[in-house]
Amino acid sequence: MTDYGEEQRNELEAIESIYPDSFTVLSEDPASFTITVTSDAGENDETVETTLKFTYVEKYPDEPPLYEIFSQENLEDSDADDILGLLKQQAEENLGMVMIFTLVTAVQEKLNEIVDQIKNRREEEKRRKEKEAEEAEKKAFQGTVVTIENFLSWKAKFEQEIVELRRKRQKEEEQSGKTKLTGKQLFERDHNLDTSDIQFLEDAANSVEVDESLFQDMDDLDLDEDDPDFDPVGLGSDED
């Protein structure tokens, strides 16, 4: 007949000698104790740690001991679940033999794996951020790709800005107290505005470098530069 009490007392003495600084007795009947398990130091001397609580049942080791995670440090909840699953597996595989040392050793190895995983996750996150920064910098230098849609949108906005500019000039002149212009004078003034606007665009066009690689499917606009009526911004010719 197996003397469970004797086996349990002998194991407790062995465990206390193996883990003198991390072994703590909580109660003697039933025998309940904790063992703190710490991983090896990882990057930047970082460690993960858990304190396991074990309680002997009457027929241990023929029946598995009760176990739980008493406390934890730097462990994710998913890691804690993995540790509990590991304890269950190891307990079932070692029935009939005293197993506390085996269980603690398995958890120790698991904690070392977790430290390595933390390091790998950090390296992956670092690489991801570096890649995002490179792509953002590359995009900034490339500029915006010109499509039919955004070209037409820019054209409409530009024409609206010209109209607003003319209105602003007219309002400023009216508020300055100038003599009211005749119809002929208004016509000549508007003609001069057209001429100055077009001259401004021509001067700007001569100083702008265009990256043709940014344009996509511009042939679909059906723009014919050889057409004498071709007007890329829709402002009309100064000959009108």
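Among contacts in the protein chain between residues at least 6 apart in sequence, what percentage join residues at least 24 apart? The share is 60%, where a contact means heavy atoms within 4.5 Å. This is a predicted model, in which local features need pLDDT of at least 70 and side-chain atom pairs count only at pLDDT 80 or more, while totals for chains, interfaces and linings use all residues. Residues are numbered from 1 along each chain as its sequence is written, and side-chain values use heavy atoms, with hydrogens and water left out.

**Figure 1. The protein chain has 5 helices and 4 strands.** Helices (H or I, at least four residues) and strands (E, at least two) are DSSP runs, numbered from the N terminus. Reading from that end, you will meet the elements as α-β-β-β-β-α-α-α-α. The chain has 240 residues, and 25% of them are buried. Here, buried means under 20% relative accessible area, exposed means over 50%, and partly exposed lies in between (1.4 Å probe, protein chains only). About 17,300 Å² of the chain is exposed, with carbon and sulfur atoms supplying 47% of that area. Accessible areas come from the Shrake-Rupley method with a 1.4 Å probe, and for residues only the protein chains shown count as cover.

**Figure 2. Thr-55 belongs to strand E3 (residues 49-55).** Thr-55 counts as buried because its relative accessible area is 14%. Look for the side chain of Ser-32, which makes a polar contact of 3.1 Å with the side chain of Thr-55. A polar contact is a pair of N or O atoms within 3.5 Å; within protein, one must be able to donate a hydrogen and the other to accept it, and residues adjacent in sequence count only if both atoms are side-chain atoms. Beyond neighbours within four places in sequence, Thr-55 is in contact with Pro-30, Ala-31, Ser-32, Pro-65 and Leu-66.

**Figure 3. The largest nonpolar core holds 28 residues.** A nonpolar core is a set of buried Ala, Val, Leu, Ile, Met, Phe, Trp, Tyr and Cys residues joined through side-chain atoms within 4.5 Å. Ile-35, Phe-54, Ile-100 and Leu-111 touch the most other members. Strand E2 (31-38), E3, helix H2 (77-93) and helix H3 (100-142) each supply at least two residues of this core, and H3 gives the most, with 8. Leaving out neighbours within four places in sequence, the contacts of Leu-111 include Val-37, Val-48, Leu-75 and Ile-83. In soluble globular proteins, nonpolar side chains tend to be buried together.

**Figure 4. The second largest pocket offers about 350 Å³ of space.** On a 1 Å grid over the protein atoms alone, a pocket is an open set of points where a 1.4 Å probe fits, with protein on both sides within 12 Å along at least five of seven lines; lining residues have an atom within 4 Å of a point. Grid points are joined across faces, edges and corners, and the volume is the space filled by probe spheres set on the points. Of the 19 lining residues, Arg-9, Leu-12, Glu-28, Ala-31 and Tyr-56 are the closest to the centre of the pocket. Helix H1 (4-18), strand E1 (23-28) and E2 each give at least two residues to the lining, with the largest share, 7 residues, coming from H1.

**Figure 5. Leu-84 lies in helix H2.** Leu-84 is partly exposed, with a relative accessible area of 31%. Leu-84 and Leu-52 are 32 residues apart in sequence, and their C-alpha atoms are 9.8 Å apart in space.
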